[in-house]
Structure formats: C-alpha cells, structure tokens
Amino acid sequence: MREPSGGTVPPLAPADRAEPAASVDTHCPYCALQCGMALRPAPGGGVEVAERPAFPVNRGALCGKGRTAPELLASGVRLTEPLVRRRPGGELEPAGWEEALDRVAEGLRGTAAAHGRDAVGVFGGGGLTNEKAYALGKFARVVLGTSQIDYNGRFCMSSAAAAHQRAFGLDRGLPFPLADIPRTGCVILVGSNLAETMPPALRYLTRLRENGGTLIVVDPRRTRTAEQADLHLAPRPGTDLALALGLLHLVVADGRVDEEFVAERTTGWPEARAAAMAHWPELVERITGVPVPALREAVRMFCAPEDAMVLTARGPEQQSKGTDTVGAWINLCLATGRAGRPLSGYGCLTGQGNGQGGREHGQKADQLPGYRKLADPAARAHVAAVWGVDPDSLPAPGRSAYELLEALGGDVRALLLMGSNPVVSAPRAAHIEERLRALDFLAVADVVLSETAALADVVLPVTQWAEETGTMTNLEGRVLLRRQSVPPPPGVRSDLAVLSGLAARYGWEKGFPTDPEEVFEELRRASAGGPADYSGITYRRIERENGVFWPCPAEQEGDSGVGGDGPGLGAGTAAPARADETVAGPLMADAPGGNGGVGGNDGGDGEPEDTAGGTRRLFLDRFATPDGRARFVPVSHRPAAEEPDADYPLLLTTGRVLSQYQSGAQTRRVDELNRAAPGPFVQLHPLLAERLGAAEGDPVAVVSRRGRAVAPARITRDIRPDTVFMPFHWAGEGRANSLTNPALDPTSRMPEFKVCAVRVERAAP
C-alpha cells in the first residue's frame, strides 16, 4: 500500500484556481462558527475572500484559516480524478469514474455477500453538509442495510450532547445566540481556547468585559484565552468534574441556591445536592490543585450578577467521564437558577464546521434524521415512510466511532469513509492505522489525499465548500446556506453524486438525488415533528433571514407547508406563524421581536439587527422533558482511566493551535498557515525541562503505553509542571494521537483524548 505523506503542497498559480463569475455570499469551511464571507474574482485571476459584515456571527471578522481558504481550490492541492489500487500492495493509479464506482460497489457488495451486511461499515464526518450527512445515513441503512455507521463527531461533542439530553431533554450546542454572551454578567469558560480555535468568537468575551461582566477560564494551561480572564483556574487534567462539584458545594454552603427556581423548574435536586456536599473545598483542592480561595472567588463572581453562563468545550468533554463532567457544570447552572431564562444557561461550543447538524440527521450509530432515536418504533415508522421502506428493514443501532474503527479487519471487513482522517484524528492512532490496513476493502471520498485516503483501495475526489451548495448548522443551532461559488474541476463529483451512483449500482435508481435542495426538502419531511425539526426551513428562507434557528416546525409566509408526525419533544404542537413572527410553542418560547427584554433581534452595541428566524432561545418556559422540568443528575468525581505512576509520571493533554485545523488534512496544504504553524511541539514547564536537560527546540519524546511521539520542546510557565501539551494536527513521528487513550465514556462513548499518563525523554537530534 502507498505510504501517506504528511508534507505540504505548495499553492499553485492563480490560473490553476477556479474563478466565480461574481461575488457570492458563503461561509468559511472550517469551525462551527461558520463565519460569513464572500468569494469574488481576484485581480489577475483566481479567487479571493471578501468581508461579509452583514452576517451577524462574525460581522466580517475572519481568522487566517478562513482568509486563506481559497488556497484549497487550487488543482494541485486538491484531488481531481479518482484513484484505484489495481493490485494488492500496488500504487494508487488514476482511473475513470465508472471504474472507480464499480470497484466500490463490488467491494462493498462482495464483503456483505461473504460476511453479512454488518461486515460493511460507513464512517462519516462532522464537516459534511446536512444534506450529505442525511444521505449517508440513509444510504447505509437503506441500500447497504448495515448497522455499522458512525462519524468523527463522536470524538468532539458527544459528551456534551449526552449531558444536554439527560438534563434538558434536547441537545442544541448553544440554547441561545452568541449575541447573548456579552450581555450576561459572568461566563465560566471550561476547557476552551477559543482565541486560537475560533478567533472571531473572542470578541464576544471582549465585549462581555467591556460591558462590566467577568470571565472565568478553566484550563490547565495559561492560553491566549486564559490571558483575557478575570480569574484563571488551572486544574490538573482530568479533574474538571471535581472542580464543578466543589463549586456547587460552596454554592450550597454559602446559601446561594435559587430555591424557587429549583422547586418550580427542576427535579432530582436532593440527590445532586448530596453528591456535591461530599466534595468539600479542601478535598477539591487536593484533587484539582486549585486553591480554596480561588474556588470561593469563582463562586462569588458567578453568583454576584443576576445572569451568568457556563460554556464548555473539548477540555471537560473528551474524558472517559465527560458526560458526568458536563452534567456537573449543568447542575451548577440549575442550582443557581442560571438556566431557562434570558442571558443565562449552559452551552457547548461545538467544534467542527457542521458538528451540530452532523449529529442531527442520521450518521450517528443510534440515530435517525431530526435527532430521532433509531430504537424508537415511532421514529422508525415516520422515517421509513419518508424513505418508502418497511420500518422493520431498518437495522438496529450499531457501534460507536472508536468501537467501529477498532472492529475494522475483524467483524467489519469493508469501509466507506467520507470526510474524515482517523489515521491522524483517532485515539491510539497507530493501532487504528493498523486496523485500516487490515481491511479487505477501503473506499475514501475526500477533497485531498489525506493520510487515511492514501491507504484506500479506491479514492473518490469530491467537491468542497466553495464548489457545492448545501446547508450547515452552526454552534448556535442556526441553519445556514453555503452557495456554490466556483465550478469544481472537471474530474470531481459531489458526495451526493457518489452516493447516487453507488445506490444505482445496487438497483436504487430513485431515492438518492444529486441536487442538494431536493435532498434538503426530503430532510425537512424526515425531521418534521422530531427534536431537531427543520420542516419550516427552506433555502429561500435561510437566504432571506441570514439563517434560521431550529427547531422550526412551522413556516413563514410564502413557503409551502410540511406536515409532521405529531408533537415533538413532549412540548405540544406549535401553531403556524404569522408573516411577522416565528414559532413560539411551549418549548420554543422565544421569537424575533419579542425576546423578553433581551434586545429584540440581537441588534445592539451599534451593530445591525440579526434577522434570523426560528427558535433563538430554548427553554424559557419549559425544558424539553416530559414534565417540562430540567433534571439534576447526581455525579461524583472519579479518576481518569489512566493515572500517572512510576513509569509514566506525567499527564498529557492535547488540543489545537491557531493556524491548523483538526487532522490538518486541509490546513497543512496552505503555505501561509504552515509558515505560522510548521509542525508539532511539546509544551512543557521549565522545571520539567530542567530535569530532562532539555532546551527550547530540543527534540523530546513523549511516551505512553500506546506509543511514542517526538517533537521539539517548547518551554513555558504557561503550563502546569506535572503536565505536557501536544497539538494533534500532524501525522508521522509527531502524531499526538499515537499516545492518547481510547478509554470510553460509558454514556457518550467519547474517548479520553484530554488526559493520559506519559513520560518525557530526551530524543536524538
């Protein structure tokens, strides 16, 4: 098999890039902010990015990744023709589309015939549009008939999603728009370095402090984001759960519980209170390393203003106890009455571009479109009716992402993979690379020849953000439309065309259209009445309103109706909206023009009004549980799956850097970004460096029970002496995920990326 390359691809001349006929409004291809931008012809040819100040999320601001995104359109950077491996161990060679699709169909069909349908797996991505995620889930269950489908979003937001569902009955990353953040009184930001991971969002925290609010950052490192904080808490990695419980203990001890809110709008408080009281401040200090006075100051800052929020990201979520950890932070919000009312609440900062929409429409192992549960007979009946199949023909829930990857070459013998690069992004990555190599057949659809694609038997070149039309759902739950700006290269097809071509080879001549708007219309019908109800959203409405927040079950003037299958979320049925309002049923209590004193449509601070429709703010009247009450869940601290010992005395935590993104498959091909972030590094404290005899830039090896990674030392007092940090964007000897622990959260099945035991050694130059 061909060995993957982790090198960069230099950008080509403007003549090698597609060019739009005129300026087209679109969105960035990277993170879950989905910043608005415009693409227009560049002087001298090619494409350039222009600001789009009218889009409310970023108001024209872009980070370096978004600004340089057109580099990915160069024909020498992206794939432009199918590749096939015509003999075992041979090189990938150019092929025509018919041969490539025939080989994929034969590989998948032959595996199913020999080993059963569940011997065929499907692995999706959190960057796929809603239309592609929907079609991929449908293809797996209807055409292939396999239960073995999941996606890389399981590695990102699944713990927060599970905690959301458990406490509130519904998972939408932010139950309020980003514009509410500057207007609250205090934000606790847990495990997020958004100054580097989503820089345009930093303005919301800056404005928070300008408005007199306070910022508390929880992170084992003093990051660029932590530098902006009024209070920085630096707990030992893996102890965020104890920290949240310690804060809740102090809330109770200091008499700061909102007893009226707890009595009227929640259940389960006595049990959660008892669990928190077992985590007294001095114990929490011993576990976390955060001093008791800092714990008390955090509680004072959080409880002093009338309104406050807790926002979490991957830090507390990517743990083997991530669901309980997020649940503890939610309990803190509920106990203090900071939920279910304007300018307060818990929210998750979703990471991947379509991390929100990608987990709503069917590419998760246990899920059907509209955030329905695959195991629910009513959900199966509704979706099967839309698809025109027997509900009993739909497979049962399958394996989660890591469990699916680990089964490759064993129970799962063939894999169709779209928009993911697990050779770099999966925990225990060297093992997962071995499992991919053990497959009988691997087909990858991607924009570039990633490290995973380089292992495939067939590689299908597919369209990317600017070359296709489709919807994305950002971290607010705002559904957006990315319009095609430039034509794709001649040898490239869309993922929808790939699925349509494969379905046709299985005898499905209909049911898998290539037009994204046609797919979205079917998605609307499939989601109608479900928790993530998109039935009131259309392409035209998204364009007219600068996005539409879900749930949105009723339509505004001028759009055709879509019927649902009954009340969603236990919330009752919403009435159709007038032309000047959006739905405001029992759950969906907030609509543009009537935001309960929150500032109308989020205009303010001199900015234009946000005209987005749908449900901006959730839970203002009731939560999405059967009784309308939020649920406290009693949780207790427990150690990480792997704690330091004599052989591995340190802790490793991982994350992102400003100029790279996820597995780096795209950003490592942009020259400007590579100059800013040329490769991996190991961040370590001066005390540790002194013990090792390592100087700045010296190669050091980080060793865990699963592997070894080598990278230059970066010495700083911004990290704890017992902790080292590595970014995870690179393959090769600096691959951070060679080290990480695949121990899974029992509820979300999230691997423990954020903490494992390691040792650090000097490495040969």
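In what sense do strand S9 and S10 pair, and over how many bridges? In this predicted model, strand S9, which spans residues 214-218, pairs with S10 in the parallel sense, and three bridges connect the two. One position in this pairing is given by valine 218, whose bridge partner in S10 is leucine 233. Helix H6, formed by residues 202-210, packs on the sheet and touches both S9 and strand S8 (186-190). The direction of H6 makes about 135 degrees with that of S9.

These strands belong to an open sheet of five strands, in the order S10-S9-S8-S12-S13, with parallel pairing. Strand S10 (231-233) and strand S13 (345-348) stand at the edges; each has a single partner strand, so one side of each is left without a neighbour in the sheet. From one strand to the next, the twist averages 15 degrees.

A further open sheet consists of three strands in the order S1-S2-S3, and its pairing is antiparallel. Its edges are occupied by strand S1 (24-27) and strand S3 (47-50), and because each has a single partner strand, one side of each lacks a neighbour in the sheet. Neighbouring strands here are turned against each other by 40 degrees on average, direction ignored. Strand S2 (residues 36-41) runs antiparallel to S3 and is joined to S3 by four bridges. Within this pair, arginine 40 stands opposite glutamate 48 of S3.

Strand S20 (residues 478-482) has pairings with S19 and with S21. With strand S19 (residues 470-473), the pairing is antiparallel and runs over four bridges, and threonine 473 stands opposite valine 479 of S20. The hairpin of S19 and S20 has four residues between the strands, and glycine 477 in this hairpin takes a positive phi near 85 degrees. Strand S21 (residues 548-549) is likewise antiparallel to S20, with two bridges joining them; here arginine 478 stands opposite phenylalanine 549 of S21.

Strand S20 is mostly covered, with five of its five residues buried. In a regular strand, side chains alternate between the two faces of the sheet. In S20, Arg478, Leu480 and Arg482 point one way, whereas Val479 and Leu481 point the other way, and all are buried. Burial in S20 thus includes the two arginines, Arg478 and Arg482, as well as Leu480 on that side.

Helix H7 comprises 14 residues, 240-253, and reaches 20 Å from its first C-alpha to its last. This span is close to the 20 Å expected at 1.5 Å a residue. H7 is mostly covered, as 13 of its 14 residues are buried. Glycine 255 follows the helix and has a positive phi, near 70 degrees.

The cysteines were also examined. The structure holds zero disulfides. Cysteine 28 is in no disulfide, and the nearest cysteine sulfur, belonging to cysteine 63, lies 5.9 Å away. A disulfide requires two cysteine sulfur atoms within 2.5 Å. Cysteine 28 is buried, with a relative accessible area of 6%. For cysteine 756, the closest cysteine sulfur is that of cysteine 156, at 18 Å, which is too far for a bond. Cysteine 756 is buried, its relative accessible area being 1%.

Methods: Residues numbered from 1 in each chain as written. Predicted model: local features only at pLDDT ≥ 70, side-chain atom pairs only at ≥ 80, totals over all residues. Heavy atoms only, no water. Pairing = 2+ DSSP bridges. Axes fitted to C-alpha atoms, helices over the stretch in contact; angles between N-to-C directions. Contact = heavy atoms within 4.5 Å. Buried < 20%, exposed > 50% of the residue type's maximum accessible area, 1.4 Å probe, protein only. Expected span 1.5 Å × (residues − 1).
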